[in-house]
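Me: I am new to this structure and would like a close look at a single part of it. Please choose one strand, describe its surroundings with care, and then place it in the chain as a whole.

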Amino acid sequence: MRLLLLLLLTFKAMAYEEATYSIVYQNDIYEIRNYSDRLAIQVNYTNQNVAFRKLFNYISSSNIDSTKINMTIPATRSNENGSKVMQFFLPSNFTKKNAPAPTDKELKLIIIEQGYFAVIKYPGRLNDKNFDKHRKILKDNLLKNKIEIINSAIRATYNGPFTLPFFRRNEAMFRIAWKRK
């Protein structure tokens with residue numbers, strides 16, 4: 001019982017800023033979110049651990065101003081133009097003008113433009129099998145509902161690697177063309 005209480009308190013203590021959105025539609029399987037413009041630091045990668053380390057180093061002050069930047073959620077991974085991409089969102093107090101430039105030339109500050117995303121939430125492990133299962137459920141339901149998918153699937157993770165699987169918040173997302181219903 002003490003262990004469970006400790007885990008719950010630890011889980012609650014890690015309050016990170018989350019990318020803001022509004023839910024514009026929801027059913028039993030997925031929700032449609034409208035995200036505002038967001039600033040992110042991203043890297044193309046072949047090795048996930050190396051990519052994470054580069055992004056983590058950036059927010060840990062390995063940037064032109066040696067500024068420590070608070071961690072935000074989620075961290076995302078996707079495929080863009082045949083390349084794997086990992087992104088960390090920057091806290092809302094940063095803009096492209098005041099965010100410190102990365103010292104690592106492989107990192108890029110980018111603005112992810114406002115848009116609609118279909119999202120399915122799921123707990124469990126961070127493996128490809130779990131993501132692919134939920135990505136497929138989401139895609140099949142979007143196609144069934146005649147919602148146009150614009151980009152490849154995005155894997156969003158909200159918890160650290162040592163979070164127990166049943167406490168995890170994971171999401172599969174697609175940018176979509178949304179027409180208000």
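**A strand and its two partners**

Reply: In this predicted model, strand S6, which covers residues 75–80, pairs with S11 in the antiparallel sense, and four bridges join them. Within this pairing, Ser78 has Ile154 of S11 as its bridge partner. S11 also pairs with strand S12, residues 170–177, again in the antiparallel sense and over four bridges, and here Arg155 stands opposite Ala172 of S12.

The strand itself, S11, runs over residues 154–157 and is covered on both faces. On one side lie Ile154 and Ala156, on the other Arg155 and Thr157, and all of these residues are buried, where buried means under 20% relative accessible area. Ile154 is thus both a buried residue and the bridge partner of Ser78, while Arg155, buried on the other side, is the residue that stands opposite Ala172.

As for the chain around this strand, the protein has three helices and 12 strands. Its radius of gyration is 17 Å, close to the 16 Å that the globule rule gives for 181 residues, so the chain is as compact as a globular protein of that length. Of those 181 residues, 41% count as buried, and of the contacts with a separation of 6 or more, 70% come from residues 24 or more positions apart. The surface that the protein chain exposes is about 11000 Å², with 54% of it supplied by carbon and sulfur atoms.

Technical notes
Residues are numbered from 1 along each chain as its sequence is written. This is a predicted model: local features need pLDDT of at least 70, side-chain atom pairs count only at pLDDT 80 or more; totals for chains, interfaces and linings use all residues. Side-chain values use heavy atoms; hydrogens and water are left out. Helices (H or I, at least four residues) and strands (E, at least two) are DSSP runs, numbered from the N terminus. The radius of gyration is taken over C-alpha atoms; the globule rule is 2.2 Å times the number of residues to the power 0.38. Buried means under 20% relative accessible area, exposed over 50%, partly exposed in between (1.4 Å probe, protein chains only). Contact means heavy atoms within 4.5 Å. Accessible areas come from the Shrake-Rupley method with a 1.4 Å probe; for residues, only the protein chains shown count as cover. Two strands pair if DSSP finds at least two bridges between them.
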